[in-house]
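Grab the viewer and work through these exercises one by one. Try each task yourself before you read its solution.

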Amino acid sequence: MDPREKAKQLHEARRTGVPVAPFTDADPTLGADEGYLIQQELVKLLLADGDRIVGHKVGLTSKPMQRMLGMDSPDFAPVLESTVYADGAELSVGSFIAPKIEAEIVFVMGSRLRGPGVTVDEARAAVSGVAASVEIVDSRIVDWKIRLADTIADLASSGAVARSDRLVPLSEVDTRLVGMVLSRNGELVGTGAGAAALGDPVGVVAWLANTLGERGVALEPGHLVMTGALHAAVPMAAGDVYLAEFDRLGSVTVRVVD
């Protein structure tokens, strides 16, 4: 396997909007380790383009998704500055290949957090606050025909993030119990609760800090931590308006244009 060559293919797919064949079709032995090697090379290319890491996303935080991709734990990828939007953002469907939207709980770090050995209580103390968000997931792999190595290599199938500017202190909310509804053009299309993310979204922060710590990486002050979808992803199309409403956290809106 040549991780640099595969990273170049994904980099080109992001530039042109033309997806690539699944890497695991050519080599079914590829797994998480190989996926992260490709991801590292892809991140180097994107940073060389002038982008900047402003956080991390965690995926596969639900047991059904883990079973579907043959994994017993979540995966992760950096969040890039160019992909972060504010509440009410207009997103062009043409900026993606096959976008889907997911409502998620997002944390903003208040202090540096580095594992291993980080506890949930330590993660809670390091968080500045929690906010409503939606993630647009996308795949540079043809027709979303992904296995584990494919999605990890492709920055955990990340596309964009839109978050509310309202930051709620963790002392005011139990994120496990936060209910959420997602509507498209006023019609309900998804529901969920915070406990869908590993049973406790704060636990996702601890898991991420410990996993990154093994690689010599820390969660930095101001960084975002996307904690995983609370419901099944919903396909996006031009003309759609999505509203994600969270108990205690408020709401976030995204408009999809041509």
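**Exercise 1. Which element gives the most to the lining of the second largest pocket?**

Keep in mind that this is a predicted model. Start with the candidates: α1, β4 (89-92) and β7 each put at least two residues into the lining of this pocket. Of these, α1 gives the most, with 5 residues. Next, look at the whole lining, which has 25 residues, and pick out R14, T83, S95, F96 and G159 as the ones nearest the centre. Sorted by class, the lining comes to 8 nonpolar, 10 polar and 7 charged residues. The space inside is about 410 Å³.

**Exercise 2. Find what lines the largest cavity.**

First, how many cavities of 30 Å³ or more are there? The structure has 1, and about 70 Å³ of space lies in the largest cavity. Its lining includes R14, T83 and G159, along with K57, E135 and L155. Now go by element: β2 (75-80) and β7 (158-163) each bring at least two residues, and β7 gives the most, with 4. By class, you get 6 nonpolar, 3 polar and 3 charged residues.

**Exercise 3. Check the length of helix α3 (residues 32-48), then work out what its buried side packs against.**

Step one is arithmetic. The helix has 17 residues, and the expected span is 1.5 Å times one less than that number, so it should be 24 Å. The end C-alpha atoms are 24 Å apart, which agrees. Step two: list the buried residues of α3, which are G35, Y36, I38, Q39, E41, L42, V43 and L46. An α-helix has 3.6 residues a turn, so residues three or four places apart point the same way. Step three: the partners of those buried residues are α1 (3-16), α2 (23-26), β1 (53-59), β2 and α6 (148-153). Past the helix comes G50, with a positive phi near 110°.

**Exercise 4. Pick out the residues with the most contacts inside the largest nonpolar core.**

That core has 52 residues, and the ones to pick are F107, L113, V205, L219, F246 and L249. Helix α7 (residues 201-213) gives the most to this core, with 7 residues. There is also a second, separate core of 18 residues, with F23, I38, L42 and A77 among its members. Zoom in on F246 next: leaving out neighbours within four places in sequence, its contacts include A103, I105, V178, M180 and L230.

**Exercise 5. Hunt down some unusual backbone geometry: where do L60 and L155 lie, and which residues does a cis peptide bond join?**

Here's the background: most residues other than glycine have a negative phi, and most peptide bonds are trans. L60 is not a glycine, yet its phi is positive, about 55°. You'll find L60 in the loop between β1 and α4 (63-68). L155 also has a positive phi, near 50°, and sits in the loop between α6 and β7. Buried or exposed? The cut-off for buried is under 20% relative accessible area, so L60 at 10% is buried, and L155 at 1% is buried too. As for the cis bond, it joins G115 and P116, with omega about 5°. P116 belongs to the loop between β5 (100-109) and α5.

Note on methods
Residues are numbered from 1 along each chain as its sequence is written. This is a predicted model: local features need pLDDT of at least 70, side-chain atom pairs count only at pLDDT 80 or more; totals for chains, interfaces and linings use all residues. Side-chain values use heavy atoms; hydrogens and water are left out. On a 1 Å grid over the protein atoms alone, a cavity is a set of points where a 1.4 Å probe fits but cannot get out, and a pocket is an open set with protein on both sides within 12 Å along at least five of seven lines; lining residues have an atom within 4 Å of a point. Grid points are joined across faces, edges and corners, and a volume is the space filled by probe spheres set on the points. Ala, Val, Leu, Ile, Met, Phe, Trp, Tyr, Cys and Pro count as nonpolar, Asp, Glu, Lys and Arg as charged, and the others, Gly among them, as polar. A nonpolar core is a set of buried Ala, Val, Leu, Ile, Met, Phe, Trp, Tyr and Cys residues joined through side-chain atoms within 4.5 Å. Buried means under 20% relative accessible area, exposed over 50%, partly exposed in between (1.4 Å probe, protein chains only). Contact means heavy atoms within 4.5 Å.
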